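Open the model in your viewer and keep the sequence panel visible. Each stop below tells you what to select and what is there.

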Amino acid sequence: RRMSAPVPPPPSGVRRSRDDAGLGGVCAGIARAAGLDPLLLRVAVVVVTNQSGVARGLIAHGVQPGERVVVWATNVPEWIVLQFALAKVGAVLVTANTSLRAKDIDYLLRQSEAATIFTIGGFRQVDYIQALDDIGAVRGAIPGLERLFFIARDGESTPPGLAAYDALRAASGVTEDELDARSAAVAVDDV
């Protein structure tokens with residue numbers, strides 16, 4: 001069983017209070033000492049700690065260099081992790097406006113020739129899962145669309161026909177060396 005490393009003490013000059021428990025508290029203390037926005041530092045920590053695992057999961061699920069991947073979601077933490085992980089594996093991020101309706105996402109998926117989509121349940125009055133069902137994405141009606149991932153919020157369960165975003169981090173079989181080799185092969189103009 002793997003034990004996690006102890007949280008390092010805060011830098012000198014940073015005072016830890018009772019409210020500063022855990023990694024979030026350490027980040028807030030460092031941010032205050034450096035004059036940074038604590039939220040920005042927390043986001044950076046989330047990205048750094050998650051992008052490699054998600055990138056390995058993307059490779060394990062078959063995402064190829066140059067492949068277009070649509071992210072249809074609001075500003076959820078997974079969005080920014082995906083942005084960096086997709087670049088790391090050489091995939092092209094295609095952003096989808098959160099107000100798109102079924103006919104619009106159908107056009108975007110076909111026009112971009114997307115092979116993968118990541119989505120949340122919906123936003124405002126738009127039910128993204130219903131829209132994907134309406135256009136037949138879940139049933140394979142979009143040419144080239146091979147993978148559909150669901151980013152669950154607040155205990156939502158993954159809808160039928162979509163894979164859970166968390167499955168990316170759980171994917172095995174891709175080593176850090178393989179990820180490094182894939183990443184090294186990505187040029188600036190590739191993504």
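The tour goes from a strand to its partners, then to a helix, the core and one side chain.

Before selecting anything, note that this is a predicted model, in which local features need pLDDT of at least 70, side-chain atom pairs count only at pLDDT 80 or more, and totals for chains, interfaces and linings use all residues. Residues are numbered from 1 along each chain as its sequence is written, and side-chain values use heavy atoms, with hydrogens and water left out.

**Stop 1: strand E1**

Select residues 68–72, strand E1. Helices (H or I, at least four residues) and strands (E, at least two) are DSSP runs, numbered from the N terminus. Four of the five residues in E1 are buried, where buried means under 20% relative accessible area, exposed over 50% and partly exposed in between (1.4 Å probe, protein chains only).

Now add residues 92–95, strand E2, which runs parallel to E1 and is joined to it by four bridges. Two strands pair if DSSP finds at least two bridges between them. Arg 68 has Val 92 of E2 as its bridge partner.

Next add E3, residues 116–119. E3 also pairs with E1 in the parallel sense, over four bridges, and here Val 71 stands opposite Phe 118.

**Stop 2: helix H3**

Select residues 77–89, helix H3. H3 has 13 residues and reaches 19 Å from its first C-alpha to its last, close to the 18 Å expected; the expected span is 1.5 Å times one less than the number of residues. Buried residues of H3 include Trp 79, Leu 82 and Leu 86. Just after H3, Gly 90 has a positive phi, near 85°.

**Stop 3: the core**

Which residues touch the most other members of the largest nonpolar core? Select Leu 58, Val 70, Trp 72, Ile 105, Leu 109, Ile 117 and Phe 118, out of 45 core residues. A nonpolar core is a set of buried Ala, Val, Leu, Ile, Met, Phe, Trp, Tyr and Cys residues joined through side-chain atoms within 4.5 Å. The largest share, six residues, comes from H3.

Center on Ile 117. Beyond four places in sequence, its contacts (heavy atoms within 4.5 Å) include Val 70, Leu 132 and Phe 149.

**Stop 4: Asp 134**

Finish at Asp 134 in helix H5. Its C-alpha is 8.9 Å from that of Lys 103, 31 residues away in sequence.
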